[in-house]
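User: I have a structure open that is new to me. Can you walk me through some of it?
Analyst: Yes, send the questions as they come.

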Amino acid sequence: MGLDDYNIESKIILSRFYNRVKKKARGSRCLLCGKKTDGFCKSHSVPQFSLKYIAESGMVFHPSIFMDIEPLDVEKGVMNSGIFQRICRECDGRFFQDYENERNLQKYLTDKILAEICIKNVLYTLDEKIEEKAFYSEIIKEIEFKADYGYIEKSVNNAIKKFEDELCFYKSILQSPSENPFRIIFYEVLPYRVPLAAQCLLSPSHDLWNNEINDLAEIHSDKLQILHLLVLPLKSTSVILLFYHSKDAVYRQLQNQFNILSYEKKLQYINYLIFAYSSNYFISKSISSEILQSKKLHALAKEIDGRPNWGQITIEDLIFHSYIPIEMDEIPNFLTKELASD
């Protein structure tokens, strides 16, 4: 069997396994309204209109292009990029009307729009956690793993409970708005279209002055506080947004630090957050191969809290401190005018 045949077979096996896990995890009730449904809506974690603006022949690059994992697809069509199936069609059409509107995004951002963004981010993350639980369960069954699964199960269940609570919290804001619940760190409508679309929640480990703000060793902890990030390319502009809810007060200091940065550094930091802490971003195929092959970008995409290769520290790293975490000014900045899409 040749290498190409092996890679194709590996993709088929992974795809079948992943589809089985997704089906097992999906359930039958909408996560927003709780009603039973025969078929879930195909929701996009990043608005589809933004993906279309950066697509080339209907295709976009996925984060796997920087992860160097051979069996994974590095590009997919817009219709199959960043999708999750957890809510009914009625809720999908009703909950996100304000923020999934290009005109609204370029005007004053209301608390309703921000709450809708939070709900979409939490839904996508909750979907990941539920699938993660199903994945662990299925893989343990496949390999007849005999070790104690209790710790992993408890850890993932804690994460699911946290994001279920977050979902209820942001839904309550839509139903009964409070006064100024959100704190916007950065909001800008750039006069050009960036070649990257991203939408995610994230919990950075350190602030700009390297003070610890989240302990990522407790990756499933309910103590992790959340930032919401949005980069949406539009027809001839781009919306960049970074914000948090006031309950996540650990980010007040980060906001103060961010405010004294130059405009260039602010964009640089947001760009860094995407590649360091998120896997829900998509890149235009118009980007040059030189940028896509950036060694620093590939290294950062595989960092976990400053540790290389998915957090697997080697003896050499421990003894000689041979790996130095990637800094924000060492990677290409996809938010600059120089890299803007035509």
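**Salt bridges and strands**

Analyst: To start with one pair, glutamate 132 and lysine 129 are both buried, where buried means under 20% relative accessible area, exposed over 50% and partly exposed in between (1.4 Å probe, protein chains only). This is a predicted model, in which local features need pLDDT of at least 70 and side-chain atom pairs count only at pLDDT 80 or more, while totals for chains, interfaces and linings use all residues. Residues are numbered from 1 along each chain as its sequence is written, and side-chain values use heavy atoms, with hydrogens and water left out.

User: What does glutamate 132 form with lysine 129?
Analyst: A salt bridge, with the closest N and O atoms 3.7 Å apart. The term stands for a side-chain nitrogen of Lys or Arg within 4 Å of a carboxyl oxygen of Asp or Glu. Both residues lie in helix α5, three residues apart, which is about one turn of the helix. Helices (H or I, at least four residues) and strands (E, at least two) are DSSP runs, numbered from the N terminus.

User: How many salt bridges are there in the whole structure?
Analyst: A search finds 11. One of them joins the side chains of arginine 86 and aspartate 127, at 2.6 Å from N to O. That pair links distant parts of the chain, 41 residues apart: arginine 86 is in the loop between β4 (83-84) and α3 (89-95), and aspartate 127 is in helix α5 (residues 111-143).

User: Are those two buried or exposed?
Analyst: Arginine 86 and aspartate 127 are both buried.

User: Which residues are linked in a network of salt bridges?
Analyst: Lys162, Glu166, Lys247 and Asp248. Within it, aspartate 248 and lysine 247 have their closest N and O atoms 3.5 Å apart. Aspartate 248 has a relative accessible area of 5%, so it is buried. Lysine 247 counts as partly exposed because its relative accessibility is 35%.

User: Which buried residue has no salt bridge?
Analyst: Glutamate 303 is one such residue; the nearest side chain of opposite charge, lysine 296, is 8.5 Å away. For charge, Lys and Arg count as positive and Asp and Glu as negative; His and the chain ends are not counted.

User: What does the side chain of glutamate 303 reach, then?
Analyst: The backbone nitrogen of isoleucine 326, at 2.8 Å. Glutamate 303 itself lies in the loop between α10 (295-301) and α11 (308-311).

User: Switching to strands. How many residues of β7 are buried?
Analyst: Seven of its seven residues, 227-233, are buried. Leu227, Leu229, Val231 and Pro233 are on one side, with His228, Leu230 and Leu232 on the other.

User: Which strands pair with β7?
Analyst: Strand β6 (residues 196-202) pairs with β7 in the antiparallel sense over five bridges, and strand β8 (residues 238-245) is joined to β7 by six bridges, also antiparallel. Two strands pair if DSSP finds at least two bridges between them. Leucine 202 stands opposite leucine 227 in β7, and leucine 230 stands opposite leucine 241 in β8.

User: What joins β7 to β8?
Analyst: A hairpin, through four residues.

User: Last one: which residue in the loop between β6 and β7 has a positive phi?
Analyst: Asparagine 210 is in that loop, and its phi is about 70 degrees although it is not a glycine. Most residues other than glycine have a negative phi. Asparagine 210 has a relative accessible area of 58%, so it is exposed.

Notes
A polar contact is a pair of N or O atoms within 3.5 Å; within protein, one must be able to donate a hydrogen and the other to accept it, and residues adjacent in sequence count only if both atoms are side-chain atoms.
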